[in-house]
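Student: I would like to learn how to read a model of this kind step by step. Could we start with the overall make-up and then move on to its parts?

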Amino acid sequence: MLQELLVAGVAVGSAGLVYVAAAARVVKQYERGVVLRLGRLTGGVRPPGFTMVVPGVDKLRKVNMQIVTMPVPAQDGITRDNVTVRVDAVIYFKVVDPADAVIQVEDYRFAVSQMAQTSLRSIIGKSDLDDLLSNREKLNQGLELMIDSPAMGWGVQIDRVEIKDVSLPETMKRSMARQAEADRERRARIINADAELQASKKLAEAAGVMSEQPAALQLRLLQTVVAVAAEKNSTLVLPFPVELLRFLERAQNQPGSPATPPSPSPPTSAPAPELRDEPDEPPDGPRDME
């Protein structure tokens with residue numbers, strides 16, 4: 001009798017251990033558990049830690065609550081200004097309601113991926129090429145709003161959407177390079193013209209000062225000669241501008257300047273002798289002998 005009781009106790013204990021092993025579940029810290037009893041949602045969401053289910057009756061679905069990073073495959077599209085581009089992106093999302101993520105949608109990851117691809121293709125058709133290249137922050141916000149609207153019904157929250165790369169055709173790249181080069185050249189010409197204008201104004205002011213002080217032009221000429229001579233050239237060209245003569249002439253004609261001696265007048269030539277017409281005399285010949 002005692003032996004039978006011991007055998008029965010061992011059997012019950014073994015059955016209990018088997019039941020506990022089959023019913024025991026461990027939910028990790030970054031997960032939540034959803035229990036479906038005979039296909040029906042039962043109770044609330046199971047928190048992290050050790051939990052028990054009814055073997056063969058309950059089915060525990062673990063849902064990851066971490067932020068998921070999902071790349072969006074590159075999508076080909078035509079922008080609003082008729083440019084063919086290829087755009088890829090990355091989306092960050094997380095589950096905020098595990099029950100809805102299990103009940104409302106078959107596979108929330110696949111659903112979010114398809115919605116992201118569709119929204120990315122739609123945002124390409126509504127945008128210009130310049131917006132895709134330089135105004136991505138606004139496009140990211142619009143893309144996030146387009147994906148987040150249906151995802152909230154699936155218990156999923158879109159955390160962030162970023163456009164990674166925009167691929168352009170080679171012809172478009174060359175056209176943009178030529179446009180950028182032309183714009184750079186235009187700005188360089190404007191800067192050079194502005195520099196010439198400022199230099200001309202300074203030169204005009206310098207010319208005004210030199211016109212008041214004629215010696216300044218001579219000093220400037222000597223400085224130029226010194227600068228040229230510093231190059232160790234074998235030939236030195238000394239320019240002598242006509243303006244320098246004019247300045248010197250003006251300086252001499254100013255009041256208070258020493259009077260210049262009068263230049264000697266050229267000698268007057270004697271009047272040429274007058275030529276008179278005289279009758280021709282017969283030549284002296286032998287006289288006739290009487």
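Tutor: Let us begin with the secondary structure, keeping in mind that this is a predicted model. The chain contains 8 helices and 8 strands.

Student: What percentage of the 290 residues in the chain is buried?

Tutor: Buried residues account for 22% of the 290 residues. The accessible surface of the chain amounts to about 21,600 Å², and 56% of that surface belongs to carbon and sulfur atoms. As for the contacts, among those between residues at least 6 apart in sequence, 65% join residues at least 24 apart.

Student: Which residues touch the most other members of the largest nonpolar core?

Tutor: A nonpolar core is a set of buried residues of certain types that are joined through side-chain atoms within 4.5 Å. Here the largest such core has 35 residues, and those touching the most other members are V85, I91, F93, Y108, L120, V156 and I158. At least two residues of this core come from each of strand 6 (68-78), strand 7 (84-95), helix 2 (98-103), helix 3 (108-125), helix 4 (129-134), helix 5 (136-151) and strand 8 (156-167). Helix 3 provides the largest share, with 7 residues.

Student: Taking one member as an example, with which residues is Y108 in contact, leaving aside its neighbours within four places in sequence?

Tutor: With those neighbours set aside, Y108 is in contact with V63, N64, F93, V95, A101 and V156. Of these partners, F93 and V156 are also listed among the core residues that touch the most other members.

Student: How should I read a single helix, and which residues of helix 5 are buried?

Tutor: One may look at its length and then at its sides. Helix 5 has 16 residues and reaches 22 Å from its first C-alpha to its last, close to the 22 Å expected at 1.5 Å a residue. Its buried residues are L139, N140, L143, I147 and A151. Because these cover an arc of only 100° around the axis, they lie on the same side of helix 5. The face turned away from that buried side carries the exposed residues K138, L145 and S149, while the cover over the buried residues includes strand 7, helix 3, helix 4 and strand 8.

Student: Finally, why does R246 count as partly exposed?

Tutor: The class lies between buried, under 20% relative accessible area, and exposed, over 50%. R246 has 47% relative accessibility, and therefore counts as partly exposed. This residue is found in helix 8 (residues 242-253), and its C-alpha is 9.0 Å from that of P214, although R246 and P214 are 32 residues apart in sequence.

Note on methods. Residues numbered from 1 in each chain as written. Predicted model: local features only at pLDDT ≥ 70, side-chain atom pairs only at ≥ 80, totals over all residues. Heavy atoms only, no water. Buried < 20%, exposed > 50% of the residue type's maximum accessible area, 1.4 Å probe, protein only. Helix = DSSP H or I, 4+ residues; strand = E, 2+ residues; numbered from the N terminus. Contact = heavy atoms within 4.5 Å. Areas by Shrake-Rupley, 256 points an atom, 1.4 Å probe, with all protein chains shown as cover. Expected span 1.5 Å × (residues − 1). Arc of directions from axis to C-beta.
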